[in-house]
Amino acid sequence: MQILLGQTLTFTDNPFRVPPAEAVRHERHGAVVVEAGRIVSVGPAEALRAAHPGAEVTDHGAALISPGFIDAHAHYPQTAIIASWGKRLIDWLNHYTFPEEARFADPAHAAEIAARYFDLTLANGTTTTVSYCTIHPESVEAYFAEAQRRGLRALGGKTCMDTNAPDDLRDTAQSAYDDSKRLLGRWHGVDRLGYVITPRFAPTSSREQLEGLGALWGEHPEVLMQTHLSEQHEEIAWVAELFPEARDYTDVYDRSGLLREGALMGHAIHLSRRERDRLREAGASLIHCPTSNTFIGSGLFDMDGLMREGQRVGLATDTGGGSSFSMLRTMAAAYEVAHLRGAVLHPAQLWWLATAGSAEALRLGDRIGTLAPGYEADLAVIDLASTPAIAQRAARAEALWEAVFPTIMMGDDRAILAAYAGGRRV
Ligand code: GUN
Ligand code: ZN
(Lines give C-alpha, C1' and ligand atoms only; values in the text may rest on other atoms or scores of the structure.)
(Ligands and ions follow the chains in the order given, each with its own letter.)
Protein backbone atom coordinates (compact mmCIF):
# COMPACT_ATOMS: atom_id res chain seq x y z
CA MET A 1 0.00 0.00 0.00
CA GLN A 2 1.22 3.50 -0.75
CA ILE A 3 0.07 7.01 0.06
CA LEU A 4 0.74 9.90 -2.29
CA LEU A 5 0.55 13.34 -0.71
CA GLY A 6 -0.23 16.58 -2.51
CA GLN A 7 -3.16 18.74 -3.54
CA THR A 8 -5.75 16.40 -4.95
CA LEU A 9 -8.08 17.45 -7.72
CA THR A 10 -10.88 15.45 -9.26
CA PHE A 11 -14.49 15.71 -10.44
CA THR A 12 -17.66 14.41 -8.90
CA ASP A 13 -19.82 15.78 -11.70
CA ASN A 14 -19.68 17.32 -15.16
CA PRO A 15 -18.80 21.04 -14.93
CA PHE A 16 -20.64 21.69 -18.20
CA ARG A 17 -23.83 20.49 -16.50
CA VAL A 18 -23.46 21.88 -12.99
CA PRO A 19 -21.57 24.96 -11.77
CA PRO A 20 -17.82 24.16 -11.65
CA ALA A 21 -17.64 24.64 -7.88
CA GLU A 22 -20.20 21.85 -7.45
CA ALA A 23 -18.39 19.51 -9.80
CA VAL A 24 -14.93 19.62 -8.26
CA ARG A 25 -13.36 17.92 -5.31
CA HIS A 26 -10.13 19.56 -4.16
CA GLU A 27 -8.01 18.95 -1.07
CA ARG A 28 -5.25 21.43 -0.44
CA HIS A 29 -3.46 18.90 1.82
CA GLY A 30 -4.73 15.74 0.25
CA ALA A 31 -3.74 12.13 -0.18
CA VAL A 32 -4.40 9.27 -2.54
CA VAL A 33 -4.10 5.76 -1.09
CA VAL A 34 -3.17 3.15 -3.69
CA GLU A 35 -3.01 -0.63 -3.50
CA ALA A 36 -2.67 -3.28 -6.20
CA GLY A 37 -2.95 -0.72 -8.99
CA ARG A 38 -6.17 0.85 -7.75
CA ILE A 39 -7.20 3.80 -5.67
CA VAL A 40 -8.33 2.79 -2.20
CA SER A 41 -9.26 6.23 -0.91
CA VAL A 42 -8.86 9.94 -1.51
CA GLY A 43 -9.15 12.61 1.15
CA PRO A 44 -7.36 14.81 3.67
CA ALA A 45 -3.72 13.80 4.17
CA GLU A 46 -3.78 13.71 7.95
CA ALA A 47 -6.77 11.44 8.26
CA LEU A 48 -5.57 9.02 5.60
CA ARG A 49 -2.06 8.80 7.04
CA ALA A 50 -3.55 7.99 10.42
CA ALA A 51 -5.81 5.36 8.88
CA HIS A 52 -2.90 3.65 7.05
CA PRO A 53 0.15 3.92 9.32
CA GLY A 54 2.06 1.14 7.53
CA ALA A 55 1.78 2.55 4.03
CA GLU A 56 4.78 3.78 2.06
CA VAL A 57 4.55 7.59 1.78
CA THR A 58 5.52 9.66 -1.25
CA ASP A 59 5.23 13.37 -0.59
CA HIS A 60 4.62 15.48 -3.69
CA GLY A 61 4.47 18.65 -1.60
CA ALA A 62 2.33 21.42 -3.06
CA ALA A 63 2.01 19.70 -6.43
CA LEU A 64 -1.39 18.80 -7.82
CA ILE A 65 -2.31 15.11 -7.98
CA SER A 66 -4.79 14.72 -10.83
CA PRO A 67 -6.16 11.80 -12.75
CA GLY A 68 -3.70 11.17 -15.59
CA PHE A 69 -4.64 12.88 -18.83
CA ILE A 70 -6.56 10.96 -21.46
CA ASP A 71 -5.81 11.68 -25.10
CA ALA A 72 -8.87 10.47 -26.99
CA HIS A 73 -7.49 10.68 -30.53
CA ALA A 74 -3.89 10.40 -31.72
CA HIS A 75 -1.77 8.85 -34.44
CA TYR A 76 1.35 7.41 -32.83
CA PRO A 77 2.87 6.64 -36.27
CA GLN A 78 2.93 10.39 -36.95
CA THR A 79 5.21 11.08 -33.98
CA ALA A 80 8.25 11.78 -36.15
CA ILE A 81 6.43 14.09 -38.59
CA ILE A 82 4.72 16.31 -36.02
CA ALA A 83 5.01 20.02 -36.89
CA SER A 84 5.40 19.54 -40.64
CA TRP A 85 4.98 22.81 -42.45
CA GLY A 86 2.56 24.37 -44.83
CA LYS A 87 -0.15 21.90 -45.93
CA ARG A 88 -3.86 21.46 -45.47
CA LEU A 89 -5.41 18.09 -44.72
CA ILE A 90 -5.38 16.19 -48.02
CA ASP A 91 -1.96 17.51 -49.11
CA TRP A 92 -0.61 17.03 -45.60
CA LEU A 93 -1.70 13.38 -45.69
CA ASN A 94 -0.18 12.76 -49.12
CA HIS A 95 2.99 14.73 -48.62
CA TYR A 96 3.99 13.97 -45.03
CA THR A 97 1.76 11.35 -43.45
CA PHE A 98 1.47 8.53 -45.96
CA PRO A 99 5.23 8.27 -46.68
CA GLU A 100 5.94 8.06 -42.94
CA GLU A 101 3.14 5.56 -42.31
CA ALA A 102 4.52 3.34 -45.12
CA ARG A 103 7.66 2.85 -43.02
CA PHE A 104 5.63 0.94 -40.43
CA ALA A 105 5.79 -2.18 -42.58
CA ASP A 106 9.11 -2.56 -40.76
CA PRO A 107 8.44 -3.90 -37.24
CA ALA A 108 11.70 -2.39 -35.97
CA HIS A 109 10.61 1.09 -37.03
CA ALA A 110 7.17 0.55 -35.49
CA ALA A 111 8.73 -0.58 -32.20
CA GLU A 112 11.11 2.36 -32.10
CA ILE A 113 8.38 4.93 -32.69
CA ALA A 114 5.94 3.27 -30.28
CA ALA A 115 8.55 3.48 -27.50
CA ARG A 116 9.31 7.09 -28.38
CA TYR A 117 5.60 7.93 -28.45
CA PHE A 118 4.92 6.57 -24.96
CA ASP A 119 8.05 8.29 -23.63
CA LEU A 120 6.61 11.57 -24.89
CA THR A 121 3.01 11.06 -23.78
CA LEU A 122 3.99 9.93 -20.28
CA ALA A 123 6.40 12.86 -19.96
CA ASN A 124 3.33 14.99 -20.61
CA GLY A 125 1.22 13.29 -17.95
CA THR A 126 -0.93 11.37 -20.42
CA THR A 127 -1.66 7.92 -19.06
CA THR A 128 -4.22 6.75 -21.64
CA THR A 129 -3.98 7.21 -25.39
CA VAL A 130 -6.38 6.19 -28.13
CA SER A 131 -4.28 5.82 -31.23
CA TYR A 132 -4.63 4.99 -34.87
CA CYS A 133 -1.88 2.63 -35.98
CA THR A 134 -1.10 2.13 -39.70
CA ILE A 135 -2.52 -0.43 -42.14
CA HIS A 136 0.23 -2.83 -41.02
CA PRO A 137 -0.70 -5.34 -38.33
CA GLU A 138 2.93 -4.98 -37.16
CA SER A 139 2.20 -1.39 -36.15
CA VAL A 140 -0.61 -2.59 -33.89
CA GLU A 141 1.62 -5.23 -32.33
CA ALA A 142 4.27 -2.61 -31.62
CA TYR A 143 1.78 -0.20 -30.03
CA PHE A 144 0.10 -2.71 -27.75
CA ALA A 145 3.32 -4.52 -26.84
CA GLU A 146 4.91 -1.26 -25.74
CA ALA A 147 1.82 -0.15 -23.77
CA GLN A 148 1.61 -3.55 -22.12
CA ARG A 149 5.28 -3.45 -21.14
CA ARG A 150 4.60 -0.12 -19.39
CA GLY A 151 1.39 -1.26 -17.71
CA LEU A 152 -0.77 1.33 -19.44
CA ARG A 153 -4.45 1.43 -20.23
CA ALA A 154 -4.17 2.06 -23.96
CA LEU A 155 -6.52 1.79 -26.90
CA GLY A 156 -5.88 1.53 -30.61
CA GLY A 157 -6.40 -0.32 -33.82
CA LYS A 158 -5.24 -1.06 -37.33
CA THR A 159 -6.02 1.83 -39.67
CA CYS A 160 -8.01 0.49 -42.61
CA MET A 161 -7.69 2.03 -46.11
CA ASP A 162 -8.45 0.29 -49.38
CA THR A 163 -8.80 3.23 -51.76
CA ASN A 164 -7.40 6.71 -52.49
CA ALA A 165 -4.11 5.86 -50.79
CA PRO A 166 -0.67 4.85 -52.12
CA ASP A 167 -0.18 1.26 -53.28
CA ASP A 168 1.92 0.33 -50.28
CA LEU A 169 -0.70 1.71 -47.86
CA ARG A 170 -3.79 -0.11 -49.06
CA ASP A 171 -5.43 -3.18 -47.65
CA THR A 172 -8.67 -4.67 -49.05
CA ALA A 173 -12.16 -4.90 -47.63
CA GLN A 174 -11.52 -8.55 -46.81
CA SER A 175 -8.01 -8.19 -45.35
CA ALA A 176 -9.10 -5.19 -43.27
CA TYR A 177 -11.90 -7.26 -41.79
CA ASP A 178 -9.69 -10.31 -41.25
CA ASP A 179 -6.72 -8.44 -39.80
CA SER A 180 -8.91 -6.27 -37.56
CA LYS A 181 -10.74 -9.33 -36.28
CA ARG A 182 -7.53 -11.20 -35.57
CA LEU A 183 -5.90 -8.23 -33.82
CA LEU A 184 -9.06 -7.61 -31.80
CA GLY A 185 -9.02 -11.22 -30.67
CA ARG A 186 -5.33 -11.04 -29.86
CA TRP A 187 -5.33 -7.77 -27.88
CA HIS A 188 -8.76 -6.66 -26.68
CA GLY A 189 -9.06 -7.08 -22.94
CA VAL A 190 -5.47 -8.27 -22.52
CA ASP A 191 -4.25 -6.52 -19.38
CA ARG A 192 -5.58 -2.98 -19.77
CA LEU A 193 -5.52 -2.84 -23.57
CA GLY A 194 -8.53 -2.17 -25.75
CA TYR A 195 -8.98 -2.69 -29.46
CA VAL A 196 -10.61 0.04 -31.55
CA ILE A 197 -12.01 -0.72 -35.01
CA THR A 198 -10.40 1.94 -37.20
CA PRO A 199 -11.52 2.90 -40.70
CA ARG A 200 -9.32 5.95 -41.36
CA PHE A 201 -12.09 8.06 -42.91
CA ALA A 202 -14.68 7.78 -45.65
CA PRO A 203 -12.41 8.95 -48.53
CA THR A 204 -9.95 6.08 -48.02
CA SER A 205 -12.46 3.26 -47.54
CA SER A 206 -14.70 1.63 -50.12
CA ARG A 207 -18.34 0.96 -49.23
CA GLU A 208 -17.41 -2.71 -48.94
CA GLN A 209 -14.69 -1.92 -46.44
CA LEU A 210 -16.91 0.32 -44.33
CA GLU A 211 -19.67 -2.30 -44.35
CA GLY A 212 -17.24 -5.07 -43.46
CA LEU A 213 -15.97 -3.09 -40.49
CA GLY A 214 -19.54 -2.25 -39.52
CA ALA A 215 -20.29 -5.97 -39.53
CA LEU A 216 -17.21 -6.66 -37.39
CA TRP A 217 -18.37 -4.03 -34.92
CA GLY A 218 -21.77 -5.72 -34.84
CA GLU A 219 -20.02 -8.95 -33.87
CA HIS A 220 -18.01 -7.12 -31.19
CA PRO A 221 -20.15 -4.33 -29.74
CA GLU A 222 -17.87 -4.27 -26.68
CA VAL A 223 -15.08 -2.46 -28.57
CA LEU A 224 -14.91 1.16 -29.68
CA MET A 225 -14.80 2.39 -33.27
CA GLN A 226 -12.84 5.46 -34.34
CA THR A 227 -12.75 7.49 -37.53
CA HIS A 228 -12.59 11.09 -38.80
CA LEU A 229 -15.65 13.19 -39.54
CA SER A 230 -16.07 16.60 -41.21
CA GLU A 231 -12.66 18.08 -40.56
CA GLN A 232 -12.20 20.27 -43.66
CA HIS A 233 -14.53 21.62 -46.34
CA GLU A 234 -12.51 20.07 -49.22
CA GLU A 235 -12.75 16.69 -47.51
CA ILE A 236 -16.51 17.04 -47.03
CA ALA A 237 -17.00 17.94 -50.71
CA TRP A 238 -14.92 14.91 -51.71
CA VAL A 239 -17.03 12.62 -49.52
CA ALA A 240 -20.19 13.99 -51.16
CA GLU A 241 -18.73 13.06 -54.58
CA LEU A 242 -17.60 9.62 -53.45
CA PHE A 243 -20.86 8.72 -51.69
CA PRO A 244 -23.68 10.45 -53.61
CA GLU A 245 -26.22 8.09 -52.08
CA ALA A 246 -25.52 9.36 -48.56
CA ARG A 247 -27.45 12.29 -47.10
CA ASP A 248 -24.26 13.76 -45.64
CA TYR A 249 -20.87 12.72 -44.24
CA THR A 250 -22.33 11.35 -41.00
CA ASP A 251 -24.74 9.25 -43.03
CA VAL A 252 -21.86 7.52 -44.83
CA TYR A 253 -20.87 5.93 -41.53
CA ASP A 254 -24.46 5.46 -40.39
CA ARG A 255 -25.34 3.44 -43.51
CA SER A 256 -22.41 1.12 -42.87
CA GLY A 257 -23.24 0.28 -39.27
CA LEU A 258 -20.54 2.61 -37.94
CA LEU A 259 -22.64 5.04 -35.95
CA ARG A 260 -23.73 4.28 -32.43
CA GLU A 261 -22.54 4.59 -28.86
CA GLY A 262 -18.83 3.86 -28.77
CA ALA A 263 -18.14 5.65 -32.07
CA LEU A 264 -15.32 8.17 -31.64
CA MET A 265 -15.70 10.83 -34.31
CA GLY A 266 -12.46 12.77 -34.66
CA HIS A 267 -12.79 16.52 -35.35
CA ALA A 268 -16.55 16.80 -36.11
CA ILE A 269 -16.25 20.49 -36.91
CA HIS A 270 -18.50 21.29 -39.85
CA LEU A 271 -21.78 19.55 -39.07
CA SER A 272 -25.31 20.24 -40.25
CA ARG A 273 -28.24 20.37 -37.86
CA ARG A 274 -29.31 16.97 -39.05
CA GLU A 275 -25.89 15.48 -38.43
CA ARG A 276 -25.71 16.91 -34.93
CA ASP A 277 -29.12 15.54 -34.06
CA ARG A 278 -28.27 12.13 -35.46
CA LEU A 279 -24.88 11.99 -33.70
CA ARG A 280 -26.50 12.82 -30.38
CA GLU A 281 -29.34 10.38 -30.88
CA ALA A 282 -26.81 7.66 -31.74
CA GLY A 283 -24.74 8.45 -28.64
CA ALA A 284 -21.50 8.94 -30.57
CA SER A 285 -18.55 10.74 -29.00
CA LEU A 286 -17.18 13.82 -30.74
CA ILE A 287 -13.46 14.21 -30.22
CA HIS A 288 -12.17 17.77 -30.19
CA CYS A 289 -8.62 18.14 -31.54
CA PRO A 290 -7.99 21.89 -31.18
CA THR A 291 -4.25 22.15 -31.89
CA SER A 292 -4.74 20.11 -35.04
CA ASN A 293 -7.76 22.09 -36.15
CA THR A 294 -5.85 25.34 -36.00
CA PHE A 295 -2.53 23.89 -37.22
CA ILE A 296 -3.95 22.21 -40.36
CA GLY A 297 -6.40 25.07 -40.81
CA SER A 298 -9.58 23.03 -40.34
CA GLY A 299 -11.88 25.27 -38.32
CA LEU A 300 -13.34 26.02 -34.92
CA PHE A 301 -15.15 23.23 -33.05
CA ASP A 302 -18.43 24.42 -31.51
CA MET A 303 -17.75 23.25 -27.95
CA ASP A 304 -20.28 25.53 -26.34
CA GLY A 305 -23.15 24.68 -28.68
CA LEU A 306 -22.40 20.96 -28.73
CA MET A 307 -22.20 20.77 -24.93
CA ARG A 308 -25.43 22.71 -24.54
CA GLU A 309 -27.26 20.24 -26.73
CA GLY A 310 -25.93 17.34 -24.68
CA GLN A 311 -23.33 15.84 -26.97
CA ARG A 312 -20.67 13.55 -25.58
CA VAL A 313 -17.28 15.21 -26.17
CA GLY A 314 -13.69 14.14 -25.59
CA LEU A 315 -10.43 16.05 -25.95
CA ALA A 316 -7.37 15.01 -27.92
CA THR A 317 -4.04 16.06 -29.38
CA ASP A 318 -4.44 14.38 -32.79
CA THR A 319 -0.67 13.97 -32.86
CA GLY A 320 0.91 14.57 -35.45
CA GLY A 321 -1.76 16.65 -37.24
CA GLY A 322 -1.96 18.24 -33.82
CA SER A 323 1.11 20.25 -32.95
CA SER A 324 1.71 18.98 -29.41
CA PHE A 325 1.88 15.86 -27.26
CA SER A 326 0.68 17.87 -24.27
CA MET A 327 -2.89 17.83 -22.99
CA LEU A 328 -2.09 21.09 -21.17
CA ARG A 329 -1.32 22.73 -24.50
CA THR A 330 -4.44 21.06 -25.89
CA MET A 331 -6.60 22.51 -23.09
CA ALA A 332 -5.12 25.94 -23.86
CA ALA A 333 -6.01 25.56 -27.53
CA ALA A 334 -9.54 24.45 -26.62
CA TYR A 335 -9.87 27.59 -24.51
CA GLU A 336 -8.64 29.80 -27.35
CA VAL A 337 -10.82 28.15 -29.99
CA ALA A 338 -13.94 28.49 -27.81
CA HIS A 339 -13.05 32.10 -27.16
CA LEU A 340 -12.82 32.80 -30.89
CA ARG A 341 -16.38 31.47 -31.13
CA GLY A 342 -17.52 33.81 -28.36
CA ALA A 343 -17.61 31.26 -25.54
CA VAL A 344 -15.49 31.16 -22.38
CA LEU A 345 -14.55 27.75 -21.02
CA HIS A 346 -13.91 27.53 -17.30
CA PRO A 347 -10.57 25.92 -16.30
CA ALA A 348 -12.57 23.20 -14.55
CA GLN A 349 -14.31 22.41 -17.84
CA LEU A 350 -10.97 22.17 -19.63
CA TRP A 351 -9.49 19.90 -16.95
CA TRP A 352 -12.62 17.75 -16.94
CA LEU A 353 -12.41 17.32 -20.71
CA ALA A 354 -8.82 16.09 -20.40
CA THR A 355 -9.67 13.59 -17.64
CA ALA A 356 -13.18 12.43 -16.70
CA GLY A 357 -14.80 13.84 -19.84
CA SER A 358 -12.53 11.95 -22.21
CA ALA A 359 -12.91 8.84 -20.04
CA GLU A 360 -16.70 9.07 -20.44
CA ALA A 361 -16.33 9.59 -24.18
CA LEU A 362 -14.38 6.31 -24.26
CA ARG A 363 -16.98 4.49 -22.14
CA LEU A 364 -14.30 4.16 -19.47
CA GLY A 365 -15.77 6.67 -17.03
CA ASP A 366 -16.09 4.01 -14.34
CA ARG A 367 -12.40 3.01 -14.49
CA ILE A 368 -10.17 5.97 -15.29
CA GLY A 369 -10.24 9.77 -15.28
CA THR A 370 -11.35 10.20 -11.67
CA LEU A 371 -9.73 9.93 -8.25
CA ALA A 372 -12.11 7.74 -6.31
CA PRO A 373 -12.04 4.34 -4.60
CA GLY A 374 -11.93 1.48 -7.08
CA TYR A 375 -10.60 3.57 -9.96
CA GLU A 376 -7.35 2.59 -11.63
CA ALA A 377 -4.41 4.49 -10.17
CA ASP A 378 -3.39 6.40 -13.30
CA LEU A 379 -2.21 9.77 -12.08
CA ALA A 380 -0.39 12.88 -13.16
CA VAL A 381 1.48 14.99 -10.61
CA ILE A 382 1.62 18.59 -11.68
CA ASP A 383 3.83 21.47 -10.59
CA LEU A 384 1.74 24.65 -10.68
CA ALA A 385 4.89 26.80 -10.69
CA SER A 386 6.99 24.99 -13.30
CA THR A 387 8.52 28.04 -15.01
CA PRO A 388 9.27 31.56 -13.78
CA ALA A 389 6.46 32.98 -15.89
CA ILE A 390 3.90 30.54 -14.52
CA ALA A 391 5.21 30.76 -10.96
CA GLN A 392 4.95 34.53 -10.76
CA ARG A 393 1.37 34.47 -12.05
CA ALA A 394 0.31 31.57 -9.83
CA ALA A 395 1.78 33.40 -6.82
CA ARG A 396 -0.92 36.04 -7.27
CA ALA A 397 -3.73 33.48 -7.32
CA GLU A 398 -6.42 33.71 -4.69
CA ALA A 399 -8.32 30.58 -5.61
CA LEU A 400 -7.67 27.10 -6.97
CA TRP A 401 -8.55 27.74 -10.60
CA GLU A 402 -6.61 30.97 -10.71
CA ALA A 403 -3.59 28.94 -9.60
CA VAL A 404 -4.22 26.22 -12.18
CA PHE A 405 -5.07 28.34 -15.22
CA PRO A 406 -1.53 29.69 -15.81
CA THR A 407 -0.32 26.07 -16.06
CA ILE A 408 -3.13 25.26 -18.50
CA MET A 409 -2.21 28.22 -20.70
CA MET A 410 1.58 28.15 -20.41
CA GLY A 411 2.48 24.72 -19.05
CA ASP A 412 4.28 21.92 -20.87
CA ASP A 413 6.17 18.77 -19.91
CA ARG A 414 8.19 20.72 -17.36
CA ALA A 415 5.00 20.92 -15.30
CA ILE A 416 4.70 17.14 -15.08
CA LEU A 417 6.60 15.96 -12.01
CA ALA A 418 5.50 12.35 -12.21
CA ALA A 419 3.05 10.00 -13.82
CA TYR A 420 1.68 6.79 -12.32
CA ALA A 421 0.12 3.97 -14.31
CA GLY A 422 -1.70 1.33 -12.31
CA GLY A 423 -0.05 2.75 -9.20
CA ARG A 424 3.47 2.36 -10.61
CA ARG A 425 5.58 5.39 -11.29
CA VAL A 426 6.37 5.49 -15.00
N1 GUN B 1 -8.17 12.45 -41.74
C2 GUN B 1 -7.80 11.23 -42.22
N3 GUN B 1 -6.60 10.87 -41.75
C4 GUN B 1 -6.20 11.85 -40.94
C5 GUN B 1 -5.03 12.03 -40.13
O6 GUN B 1 -4.12 11.22 -40.09
N7 GUN B 1 -4.97 13.19 -39.42
C8 GUN B 1 -5.97 14.11 -39.46
N9 GUN B 1 -5.85 15.21 -38.73
N10 GUN B 1 -7.07 13.96 -40.21
C11 GUN B 1 -7.18 12.84 -40.94
ZN1 ZN C 1 -6.73 11.96 -36.60
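## Naming the elements, and a loop residue

Helices here are DSSP runs of H or I with at least four residues, strands are runs of E with at least two, and both are numbered from the N terminus. With that in hand, Val190 is easy to place: look in the loop between α6 (173–187) and β9 (193–199). Bear in mind that this is a predicted model.

Is Val190 buried or exposed? Val190 counts as exposed, because its C-beta has just 12 others within 10 Å, and 12 or fewer is the cut-off for that label. For a sense of distance, take Gln232: Val190 and Gln232 are 42 residues apart in sequence, and their C-alpha atoms are 36 Å apart in space.

## Two domains and where they touch

The domain assignment splits the chain into domain 1, made of 2–67 + 369–425, and domain 2, covering 69–325. Between the C-alpha centres of domain 1 and domain 2 there are 30 Å. Their contact draws on 12 residues from domain 1 and 13 residues from domain 2.

On the domain 1 side, the elements that put in two or more residues are β14 (379–382) and β15 (416–421). Of these, β15 has the largest share, with three residues. Sorted by class, that side of domain 1 comes out as six nonpolar, two polar and four charged residues.

## The seven-stranded sheet

Both β14 and β15 also turn up in an open sheet of seven strands, which runs β3-β2-β1-β4-β14-β15-β16 with mixed pairing. Which strands stand at the edges? Those are β3 (38–44) and β16 (424–425); each has a single partner strand, so one side of each has no neighbour in the sheet.

Further in, β1 (residues 2–11) and β2 (residues 24–35) pair in the antiparallel sense, over nine bridges. If you want a spot to zoom in on, try Leu9, whose bridge partner in β2 is His26.

## Around ligand 1

Now for the ligand. The shell around ligand 1 consists of His75, Leu89, Leu93, Thr97, Arg200, Phe201, His228, Glu231, Ser292, Ile296, Asp318 and Gly321. By class, that makes four nonpolar, five polar and three charged residues.

Which helix gives the most to this shell? That would be α3 (residues 89–102), which supplies three residues. Elsewhere in the shell you'll find Arg200 and Phe201, along with Asp318 and Gly321, among others.

Note on methods:
Residues are numbered from 1 along each chain as its sequence is written. Chains are lettered from A and ligands numbered from 1 in the order in which they are written. This is a predicted model: local features need pLDDT of at least 70, side-chain atom pairs count only at pLDDT 80 or more; totals for chains, interfaces and linings use all residues. A residue is near a molecule or strand if its C-beta atom, placed from the backbone, lies within 6 Å of it. Ala, Val, Leu, Ile, Met, Phe, Trp, Tyr, Cys and Pro count as nonpolar, Asp, Glu, Lys and Arg as charged, and the others, Gly among them, as polar. Domain bounds come from an automatic or database domain assignment. Two residues are in contact if their C-beta atoms, placed from the backbone, lie within 7 Å. A residue is buried if 20 or more other C-beta atoms lie within 10 Å of its own, exposed if 12 or fewer, and partly exposed in between; C-beta atoms are placed from the backbone. Two strands pair if DSSP finds at least two bridges between them.
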